[in-house]
Each structure stands twice: as C-alpha cells, then as structure tokens.
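Here is a short tour of the structure below, written for someone who likes to follow along in a viewer. Keep the sequence at hand as you read.

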Amino acid sequence: LNGVSGGAAAVRRTSTGTPVLVGYVVSADPSFDIGKARNELGQHLPAALVPRLVRIEELPTRTSGKVDRDALP
C-alpha cells in the first residue's frame, strides 16, 4: 500500500471471544486513509482475510528485531 512504511498482522479476540484479524500499519503520511487502504486490500484478498486496520506510530520489536505481537495494541 502506498504510504506504508511497516506493518504486521495478529489475531485478536473480541469481548465475546470471536477471533478477528487485525492489521497494524505504520505510516508517516498524514493523508494516509485507513478506509481506502482496507478497500484496496479487499480488491486483492478474500473477504475473510481483509483485516481490520489500526494505524500505529511504530512497530514494537523484540531484541531479536522481530515484531513483538504481544506488545501490539
């Protein structure tokens, strides 16, 4: 996606326990539009694989340099 400098995905659970795919997006572009990004993903992925998107400032990492999915909101 244009304007994205980093990203990660994780499965989270709603308050009722339903699993939900969440995509975490890092973008410094002030005009980055989450809705447009989700629509673009929907053009390339099956509906069940289109994540809910959350914009974050930076990806949390472990000392190994890998994304720390437990630290994602």
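## An exposed glutamate

Glutamate 58 is exposed in this predicted model, because its relative accessible area of 62% lies over the 50% that marks an exposed residue. Along the chain, Glu58 sits in the segment after E3. If you want a long distance to draw in your viewer, try the one to threonine 18: the two residues are 40 apart along the chain, and their C-alpha atoms are separated by 27 Å.

## The chain as a whole

Stepping back, the chain contains 1 helix and 3 strands. Read from the N terminus, these elements follow the order β-β-α-β. The C-alpha atoms fit a box of roughly 35 × 35 × 20 Å along the principal axes.

Of the chain's 73 residues, 25% count as buried. The exposed area comes to about 5,200 Å², and 51% of it is supplied by carbon and sulfur atoms. As for contacts with a sequence separation of 6 or more, 46% of them link residues 24 or more positions apart.

## The nonpolar core

Which residues make up the largest nonpolar core? It has 8 members: Ala8, Ala10, Val20, Val22, Tyr24, Val26, Ile56 and Leu72. Two elements give two or more residues to this core, namely strand E1 (6-13) and strand E2 (19-26). E2 gives the most, with 4 residues.

Isoleucine 56 is one of the core members. Leaving out residues up to four places away in sequence, Ile56 touches Tyr24, Val25, Val26, Ser27, Leu72 and Pro73.

## Leucine 72

Where along the chain is leucine 72? Its place is in the segment after strand E3 (52-56). Is Leu72 buried or exposed? Leucine 72 counts as buried because its relative accessibility is 5%, and the cut-off for buried is under 20%.

The contacts of Leu72, with neighbours within four places in sequence set aside, are Ala8, Ala10, Arg12, Tyr24, Ile56, Leu59, Pro60 and Val67. Valine 22, another member of the core, is 50 residues from Leu72 in sequence, yet their C-alpha atoms are 10 Å apart in space.

## Charges and salt bridges

The chain carries 9 positive and 7 negative charges, and the mean positions of the two sets are 9 Å apart. How many salt bridges are there? The count comes to 2. In one, aspartate 68 pairs with arginine 62, with 3.3 Å between the closest N and O atoms. In the other, the side chains of arginine 62 and aspartate 70 meet at 3.4 Å, N to O. Through shared partners, Arg62, Asp68 and Asp70 are joined into one network.

The three residues of this network are a nice set to colour by accessibility. Aspartate 68 counts as buried because its relative accessibility is 16%. Arginine 62, at 41%, counts as partly exposed, whereas aspartate 70, at 68%, counts as exposed.

Technical notes. Residues are numbered from 1 along each chain as its sequence is written. This is a predicted model: local features need pLDDT of at least 70, side-chain atom pairs count only at pLDDT 80 or more; totals for chains, interfaces and linings use all residues. Side-chain values use heavy atoms; hydrogens and water are left out. A nonpolar core is a set of buried Ala, Val, Leu, Ile, Met, Phe, Trp, Tyr and Cys residues joined through side-chain atoms within 4.5 Å. Buried means under 20% relative accessible area, exposed over 50%, partly exposed in between (1.4 Å probe, protein chains only). Contact means heavy atoms within 4.5 Å. Accessible areas come from the Shrake-Rupley method with a 1.4 Å probe; for residues, only the protein chains shown count as cover. Lys and Arg count as positive and Asp and Glu as negative; His and the chain ends are not counted. The place of a charge is taken as NZ of Lys, CZ of Arg, CG of Asp or CD of Glu. A salt bridge is a side-chain nitrogen of Lys or Arg within 4 Å of a carboxyl oxygen of Asp or Glu.
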